[in-house]
Every structure is written in C-alpha cells, then in structure tokens.
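Thanks for making the time, everyone. I would like to walk through one chain with you, starting from its strands and ending at a pocket, so please have a look at the screen.

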Amino acid sequence: MPSAMKPELNDSSNSPNAVFHPMPQRRAGEVVEFDEGRGLGAIRVEAGSDDEAEPEHYLFHSTRIADGTRSISVGARVEFSIIAGPEGRWEANAITAVEQA
C-alpha cells in the first residue's frame, strides 16, 4: 500500500477559504511486464531505501499511459501516480516515460 499522501494547499492565493486535499505523489519506476494484446502491465517502484524487503509493484492498463499511445516498452523508466482501481487495488495512473541520459 502506498505511503500516506500529505495534504497540500490547492490554491496559490493563500486565502482563508483555500481547500486542502491530498495530491497524488509522483513515483519513479520501471515497466517490468506489458502485454500489448491485453493492454495490461506492471511497474516496479524504484527502491527508496535498503531496508525495504521487497519492491512494490503496481498494475496498470494501457489507457493509463499519459501520452495516449497505449503501448510502452518493458524496461522503460517511468513516472506515475497511484490511484485506487475499480477492484480496490492500488494501480498506476498517468504513466509517463522518462528519457534516459
């Protein structure tokens, strides 16, 4: 399960009526599986610390790829946010490929 999301101010005017709500955190990871025929894949989160027992994995559907291509290469480094999926699991969303240097 992802770490707790911190509320952030969603209004730059600093008004007393500003609304606080959780903003999705962007995470970095790597596509470890992708079945183009089914449009399903999995992303492994980059390890944040050495004490983490097992890396986190998040499933995704090709409609969640931000550029609309519906295809992504296995091994591609990506950034994404996490949302609650239709079956109650955490899933990757707004997936964008990160250019490697």
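Which residue takes a positive phi in the hairpin of β3 and β4? It is Gly39, with a phi near 75°, in a hairpin that has four residues between the strands. I should say at once that this is a predicted model, so please hear each value as computed from that model.

Let me stay with strand β3, residues 27-35, which pairs with two partners that I will take in turn. With strand β4, residues 40-45, the pairing is antiparallel and runs over six bridges, and there Glu30 has Arg44 as its bridge partner. With strand β6, residues 77-84, the sense is again antiparallel, over four bridges, and Arg27 is matched with Phe80.

Within β6 I would draw your attention to Val78, which is buried, its relative accessible area being 1%. Setting aside neighbours within four places in sequence, Val78 contacts a list of residues including Ala28, Gly29, Val31, Ile72, Ile95 and Val98. Ile43 is also among those contacts, and although 35 residues separate Val78 from Ile43 in sequence, their C-alpha atoms are 8.4 Å apart.

Finally, the largest pocket, whose volume is about 170 Å³. Strands β3, β4 and β5, the last covering 57-61, each supply at least two residues of its lining; among the lining residues are Glu33, Phe34, Leu40, Phe60, His61, Arg64 and Arg89. By class, that lining comprises five nonpolar, two polar and five charged residues.

Technical notes:
Residues are numbered from 1 along each chain as its sequence is written. This is a predicted model: local features need pLDDT of at least 70, side-chain atom pairs count only at pLDDT 80 or more; totals for chains, interfaces and linings use all residues. Side-chain values use heavy atoms; hydrogens and water are left out. Two strands pair if DSSP finds at least two bridges between them. Buried means under 20% relative accessible area, exposed over 50%, partly exposed in between (1.4 Å probe, protein chains only). Contact means heavy atoms within 4.5 Å. On a 1 Å grid over the protein atoms alone, a cavity is a set of points where a 1.4 Å probe fits but cannot get out, and a pocket is an open set with protein on both sides within 12 Å along at least five of seven lines; lining residues have an atom within 4 Å of a point. Grid points are joined across faces, edges and corners, and a volume is the space filled by probe spheres set on the points. Ala, Val, Leu, Ile, Met, Phe, Trp, Tyr, Cys and Pro count as nonpolar, Asp, Glu, Lys and Arg as charged, and the others, Gly among them, as polar.
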